[in-house]
Amino acid sequence: MSNNLKIPTFSRKNFLNTRFLRTQRRFSITLCVAFVLLVVILPLTPAFDSMDVLGLPLSFLFKTIIGPLFILLILKYALKLSERIDLKDPELENE
Amino acid sequence: MQDTPLKSYASKSSIHFIFFLACIVFGFLLTQVGIPDIFINFLMLAVLIGGYIFAGILGRTMQLDAFQTAGRSATPTVAAQAIASGILSYSVFILLAGEFYNTGTDALVIFSGIVLGIAFMTLLFAAPFNRSRAVSLGDTLTPGSTSMLVKLMVMLMVVITGVLLLVFQLSMIGKIASGYFGIAENIALSVTLFTIGFCLLMGGLQSLSIARIFAYPVLVVALLGPLCWVSYQLTGNPVPQLSMGNGALAQIEEINREMLEEGFATQNDILEFTREGTALDGFNYLTSLLAVAFGIAAMPHLLQHHKTLPNPRAARKAGFWSLGLVLVVLTAIPALAAYMKLDIYTSLLGLQVSDLEDQAPWLFALSNQEGIGLITLCGAYVASGADVITACGAGGEYFISLRDIKIHSEFVVPTFAALNELPALVTLVVATGCLFALWSTIDGLVYVISNTIVQDGFKSVLRRKSPSSFTLFVTRLAIIALLLATPYLMGIFTFDMKLAFEAAIALIAACLFPFLLLRFWYKSVPNSAILFGMITGFIITSTLLWLGNFGVDMLAGSGDEIRISIPAITDAISNLSSGIVGCLAMLMVSFLVHRIILRGNTSKIDKTITDMKSDVPA
């Protein structure tokens, strides 16, 4: 057997590090989900109904075009964030 | 070693797309020569049937790994197209435009729910679902041989919701085939089941992914092609999303104002679909939207595509791209409703009944209960001016007003081209797109139901150590059995199609979504707690659905239906909202049982450390 073979070892430091990463991941995902929800709920406020853009009520434009594009943007950011956090995680060997 | 066809998908997808375009051009030439319509109909059907046969042959395999996960060889763009085609089903591709037309902003529940759902699926489930090496939802959620009851409960949920969605999609096949292609409903259904069956039996998820890749460009061309053309013709702007406001809605508002002034309509008859809805209050709007989002995020036939990717990073990318691809079609759907409305307004409103046969002959072709039932006048399908006179109870000088016209949502998209006086071939192309949308959802549902029954039922309960060749054989057998049982299932589930869709979404939101959330993000909740939660969520949601739609006597529309109200919040909980009530109940019961079970145990960290230490090899 090769001497270079790495045997996974347990340490409290590693464990706490993993817990920290897990908390960080959970927090960032929650934040992204909250943002995504906000984009859907925001145009329900009456202020959005009073203005027209391109012949469409701003609330409708926001719900059908601007909002989904915002969500796409948030998703792009969330993917980068998740990857960065996952790369530090010793538990996720597949990444 | 077999090739992995998903890696070189671009060339195959291009071949199919070129074949599709060639069929359109050839069809156009045949119409110029005067060849009978039936041959052109078959030509367009060849795109659909040929695509599935081609996908089946390309993805053929005798390896279980390739059959169940495509050997994890897909690229993010492949999985993204497959997920997008799966989402663009009956309710999105065919029904949604009509729902915008008829219910206004209430249709945003489905629109925004889909966008949110894909975002949730990508953020919450794509990576952990891909990370698991299991091949079914039950196995992924309850790895190993433990928690048999939970696994069976998951299987039950996948089968119930899958069958509801399957029957609901299949029931539309016959209508499109008979209305637009002149093919009898039972023949259309048989061809559908045979072709999809061939594709799935040859290569399982691998062939299914290829077929869905073929479907996506066809769906885009079929929907956006005519819509962009109409938008360009009317406004000079080929982007319907941007032109609909000034190009259609402004004119509709002008006509509405004129009708009000002339006394042809009251304020109640007019629905400005970008500003108001018809039925949902604030509570039901938000909860229904969340239910659709949760339902889409946890839909097994969409989630399974994340298993075809090599790593979680690719799974996340696929989710991101799938949202982009869905938005290409989804954002255009309100515009289609707007241009459809403008067309109905300008070609029908204000005409006298005696003028209908001369000035709107299309009306009688599109008001056929047995074929294309787009429109009813005064509550009846009409085949002639005399029928209109009978239905409206007035003479030939009667003016058609807004309240006399009813549009049926499911025919809005396939009839759009005909109403805008585009060539008949364009209507056939759109109808082909509609069939592709239905097929590209049915295939995934058939596969996921069969695979779940085999993996979570047969393999977990009866033969845990069955060899891969035998498992592959049994999975193929299950697909055949399900396809043969489908006509029988369609005979049992005969209720309203919209109800089937809402019930399936509500049950997924109530049971599968919270389970996935707990398993991937709150791993400390034990399976026993989740089982209690799932049973509670299922019972509450199905009871609300049952009471609200069938009542105590189990008959729909008998008048004894009971809609549960929440004082000061809502008068009646809608079908979709019942999924959120069930979801909350599921989470509450799971956490409650979890606290009771864990009470008195050692601290969680110490327990976990002990578990981890025992896992480290000596």
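Helices here are DSSP runs of H or I with at least four residues, strands are runs of E with at least two, and both are numbered from the N terminus. This is a predicted model, where local features need pLDDT of at least 70, side-chain atom pairs count only at pLDDT 80 or more, and totals for chains, interfaces and linings use all residues. Residues are numbered from 1 along each chain as its sequence is written, and chains are lettered from A in the order in which they are written.

**The largest cavity**
- A cavity is a set of points on a 1 Å grid over the protein atoms alone where a 1.4 Å probe fits but cannot get out, and its lining residues have an atom within 4 Å of a point.
- There are eight cavities of 30 Å³ or more, and the largest has a volume of about 130 Å³ (the space filled by probe spheres set on the points).
- Its lining has 18 residues, and Ser89(B), Ser91(B), Ile296(B), Met299(B) and Phe501(B) are the closest to the centre.
- α8(B) chips in three residues, the largest share of that lining.
- Among the other elements of chain B that give two or more residues are α4 (76-87), α11 (282-297) and α21 (497-521).

**Chain A**
- Going along the sequence, chain A reads α-β-β-α, so to speak two helices and two strands.
- Of its 95 residues, 40% are buried (under 20% relative accessible area, with a 1.4 Å probe and protein chains only).
- Chain A exposes about 6,000 Å² by the Shrake-Rupley method with a 1.4 Å probe, and carbon and sulfur atoms supply 65% of that.

Conventions:
Heavy atoms only, no water. Buried < 20%, exposed > 50% of the residue type's maximum accessible area, 1.4 Å probe, protein only. 1 Å grid on protein atoms, 1.4 Å probe; cavity = no way out; pocket = protein on both sides within 12 Å on 5 of 7 lines; lining within 4 Å.
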